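User: I have a complex to go through. Take me round it, please.
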Amino acid sequence: MINVQSKPQTKPRELISFLIGGQQFCVDIMAVREIRGWSQATPLPHAPAYVQGMINLRGTVLPIIDMSARLGIAPADVAGRRVTIVVWIGTRLVGLLVDGVCDILTVTEDMLQATPEVASDTLRVFVNAVLTIEDRMVCLIALEHLLPELDVAAA
Amino acid sequence: MERIKGVFFQDCDDLLVELETGLLALQRGERDPEIVNTVFRAVHSVKGGAGSFGLDPLVAFSHLFESVMADARASRLALDAEVVATLLRAADVLADHVKVAREGGEVDAARAAAIGKALVELTSALPYGGAESEPQEDALLSIQSAPAQATRCWAMRIRPHRELYAKANEPLALLRELRRLGEMTVELNDDDIPLLDDLDPEQAYLSWTVLLHTAQNESAIRDVFEFVENDCDIEVKGESVNIEPAPQTVALAPVGDTSREAPAVRQTVVGAATETAIEPSVKAGETIRVDVERVDRLVNLVGELVINQAMLAQHMLASGVAMNQIDMALEDLDHLTRDIQDSVMAMRAQPVKSMFQRMSRLVREVELATGKQVNLIVAGSSTEVDRTVIERLTDPLTHIVRNAIDHGIEQPPERLANNKPAQGTLRLSAAHRSGRVVIEIADDGQGIDRERVRKIAIERNLVSADATLSESEVDNLIFLPGFSTASQISALSGRGVGMDVVKRGVQALGGRISLTSKKGEGSTFTLSLPLTLAVLDGMTVSVGGQSLIAPLTTLLETVQPKAVDVHPLGANATLMKFRGEFVPLIDLGMLFGYRTEPLQPTKGVALIVEDDVGGRAGLLVEEILGQRQVVIKSVQANYRAVDGIAAATILGDGRVALILDVNAIIASQRQGAPLADQRRAATG
C-alpha cells in the first residue's frame, strides 16, 4: 500500500491478447487499428522470410509480418483461420499475422514484469514485459523491433 | 489569433510576389505609375499587418522600405537601375524578415543593416519609431491618393451609447457594413476610458473616427446606421479630408464589455488595406484557398474510385454477363472517373512561376557574391506542374542555377575578351512536352571543359584512364557521386553537394536530367519530369505468378527472344542481341526470387528498357498482361525501400502489384552483384 501512495496508481491499460503457436502474446490496444481476416499478400523481393509481403488495406499498402516466423515459434496448424492485426509502429502501419485473437485484458502497470533472464535471446528482443492472467503467462510484444530495418538498428 | 496570423503570412506570400513582380517590371524599364503604386501598397500592407501582430523588426524594415517607395511615388526619387537593384535586394531582405517572423531564426543582420542603410540614404524620411502617429498618417495618405473615380471622402464620428450595446448591436458589424461601401480607415478613440476603479463595465466609452471613400451618397451611409440612430451619436461630413488625427490607437485593450472591439477593428483596417492592395492587379480568374490536405484527400479518394471502377469492370467481365447497356454504362463510368482524376490532378497543379521567381532572387544573390553580371530570362512560367514536383524540384534547380553562374558564366573581363557581352545570359524555361514537363536551364558561359572533367574523373577513380568516352559521356561524368570541378571550394557551389545529388533529386521525382554543352558557348541542363506523382502509365506483366508493372516511360519495346539472339555469358549472365547491340537479359523471376528455375528465354517475353543514362537491358518475363494507368502507392511509407521496386499499386482485383525500378535493376546488373545473392544473404 505504501508503494501505491508513493507512486500514483497509473491508469489501467488495455491490451489485446492473441495466440502464436499456442503461446499467448499481447499488444497495447491503442496501437491496434483493426483486426481483419487473412488475405493473400504480394511477396516482396529480397525480403526476410518473416515478411510475407504487401497487402491492400482500403488503398493503403502495408507489409504483413508472419509473427510465428518472426518470433521463431512453430505455427499452429490453423493456416486457413489466421488473422491479421493491423498496428501502428511509429508512423508505419503494419499487419501482424497471428493464429487467433483471444481477449482484451485490462491491466495496471504494476502487473507487468520485466522479461526474465531465462527467456531465449531472440524472444527477449521482441518481448517488453510479461504478465500473468489467471495462471497464464502473456508476453507484451515490443512492436518497435518487429520491422527488419529497426531490428538492424537495435542489434 | 494564431489563425489570423497564419492568414496574414499567406497574404504576405502574395504581397511579396506582387512586390517582386512590380520591381522586376521596373527593372525592365516599365514606368507605369500603377506599378510603383502596387509596390508601395504591397510594402504598406506587409507593414500594416506586421504592426497589428507586433512584429517590430518587420515593421521597422518595411517602414523604411515604404518611405523610399513613398518618395518614388511622389517623384521625389528617380527610379534608376541602381535604385531598383537596391529595392530588389530590399525585397529579398523583407522576405527574410517575413520568414523569420513566421518560422523563427535569425535575419542576416549584416545584410539587413547594409540594405537598411542603403534605403536610409535613398529617403529623407525619419526612421520608424519616432512619432507614434506617423504610420496612421501614412495610412491616410495611401488611401487619399488611391485612384478614386467619382468617389467622395466622408468623415464620420461614431459614438455608441450604452443602449446600443444593451440592444445587442455590434459597432464592429456597423463598421463592416460601412466597409462594403468603399475604402475606409478607422481610428479608435479611447480617451474617455476612465481608470479601472471608475469603470462601469456596462457603460460605453469608445468612439470611432471613420474616413470613407465611396461613390455612395450620404443617405446610403446613413442607412447603415438606420437601426442604431437613436442609440449613438453619428456625425457625417462630406469632403472633409482634413480630419484632425485621432489620438493614439489603443494597443492594450481596456477592461470592460466594449473593449473587445478594439483589436477587432484594427484587424478590419488591415483587411481593407490588403484588399485595396490586391485589387488593381487582379488579372487571373477567381481563386479560392483550399487546404492542401483536403485536396490530397480528394486525390486519394479518386485513386480509390479508379481502383474500384477497375474492379467492377473486371467482375463484370468475369461474371460473363453480356449486356449492351451495362457495357456502355461501364464505359461511361470509365470516362467519368478519368475526367474526375484529371480535374483533381489539375487542382494540385501549380504554375512554376513561384519557383522561377525564387531563382531570380538567387541570381541576384549569386551575382552579388561572384561579381558576375547575369541577365535572367524566364519563359513558360505559367506552365503547370503538380505542387509536390515543384516543392521537391526547388533544391535541385537552385543548385543547377547556382552552378551555371558560378562555374558556367565567366567574369565580365573574360567575357569581353572572348567577344561576348559583359553580361551573361541565363535562360530558364518550362514547357509541356508529350505528357511531361521539360525545364531547361541554359547559360551562355564557357561550357564544360571536357579535358578537365575527364582528368578529374580519372584522378578520382571514377573512370579508368584508358576508357574511350563520347562527348556526352564525358559531360555526364559530372553527375557521378564524388565529382566536383570547383578547383577551390567556393562559398556558393562547394557545399559538399554535387551534381549527383541534383540528379538523384530529379530521379526521385521520376524525372530525367541531361546535359548538352559546347565549349565557349555555354551549357544547357534539361530536366524532364512527370506532370504528377500520383499516377503512371505502365505495362502489366506476369512473373512467377506475380503481376509486376513496368513504367511505360522506361520501355523501348517488347520482343520475343529468338534462340539465335541469346548468348550465355559466364556462369549466370545472359546477353541478348537487340538491334545489333548486345544487352543483358535479366530474368526477373530469378532476380526477385519468384522462381527457383530460370525461364527459357525463348518461352518468355523480353521488355527492352532504358534507364536515365541510356543504359539498356532486357527484362525477361513470362507474359504481358496489358497496359494500364496505375495509382502509385508508396512501399516505403509503411515498410522500407526495396531494391528494384519503385512503388506499389493496387490492381483491379484489390491485390497489390509492385512497380519496377528500372534504374536500380539495370544498375545492380552493372555492378555485377545480382540482387538474388543479396536476397540469399538476407534470408539465410
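**Strands, interface and one buried threonine**

User: Which residue of β7(A) does A:Asp66 stand opposite?

Analyst: A:Leu97 is the residue in β7(A) that A:Asp66 faces. This is a predicted model: local features need pLDDT of at least 70, side-chain atom pairs count only at pLDDT 80 or more, and totals for chains, interfaces and linings use all residues. Residues are numbered from 1 along each chain as its sequence is written, while chains are lettered from A and ligands numbered from 1 in the order in which they are written.

User: In what sense do β5(A) and β7(A) pair, parallel or antiparallel?

Analyst: Parallel, over three bridges. Two strands pair if DSSP finds at least two bridges between them. Helices (H or I, at least four residues) and strands (E, at least two) are DSSP runs, numbered from the N terminus.

User: And how many bridges join β6(A) to β7(A)?

Analyst: Seven, and those strands run antiparallel. β6 of chain A covers residues 83-89. A:Ile89 has A:Arg92 as its bridge partner in β7(A). β6(A) and β7(A) form a hairpin with two residues between the strands. There, A:Gly90 has a positive phi near 65°.

User: Why is β7(A) called largely enclosed by the rest of the structure?

Analyst: Because five of its seven residues are buried. Buried means 20 or more other C-beta atoms within 10 Å of the residue's own; exposed means 12 or fewer, and partly exposed is in between, with C-beta atoms placed from the backbone.

User: Now the interface. How many residues does the contact take from each chain?

Analyst: It takes 20 from chain A and 27 from chain B. Contact means that the C-beta atoms of two residues, placed from the backbone, lie within 7 Å. On the chain A side, the elements giving two or more residues are β4 (51-57), β5 (60-66), β7 (92-98) and α4 (148-154).

User: What's the make-up of that side by class?

Analyst: The side of chain A that touches chain B has 13 nonpolar, five polar and two charged residues. Ala, Val, Leu, Ile, Met, Phe, Trp, Tyr, Cys and Pro count as nonpolar; Asp, Glu, Lys and Arg are charged; the others, Gly among them, are polar.

User: Back to strands. What does β10(A) pair with?

Analyst: β10 (residues 127-133) pairs with β9 (residues 113-114), antiparallel, over two bridges. A:Ala114 sits opposite A:Ala129 there. β10(A) is also joined to β11 (residues 136-141) by six bridges, again antiparallel. In that pairing A:Leu131 stands opposite A:Val138. β10(A) and β11(A) make a hairpin with two residues between them, and A:Glu134 in the turn has a positive phi of about 45°.

User: How do the chain totals look?

Analyst: Chain A has four helices and eleven strands, and 30% of its 155 residues count as buried. Chain B has 21 helices and 22 strands, with 35% of 684 residues buried. Take contacts between residues at least 6 apart in sequence: in chain A, 55% join residues at least 24 apart. In chain B that share is 71%.

User: New topic: B:Thr532. Buried or exposed?

Analyst: Buried, with 23 other C-beta atoms within 10 Å. B:Thr532 lies in the loop between β11 (522-530) and β12 (535-543) of chain B.

User: What is B:Thr532 in contact with, leaving aside neighbours within four places in sequence?

Analyst: B:Met345 and B:Asp386. B:Asp386 is 146 residues from B:Thr532 in sequence, yet their C-alpha atoms are 5.2 Å apart.
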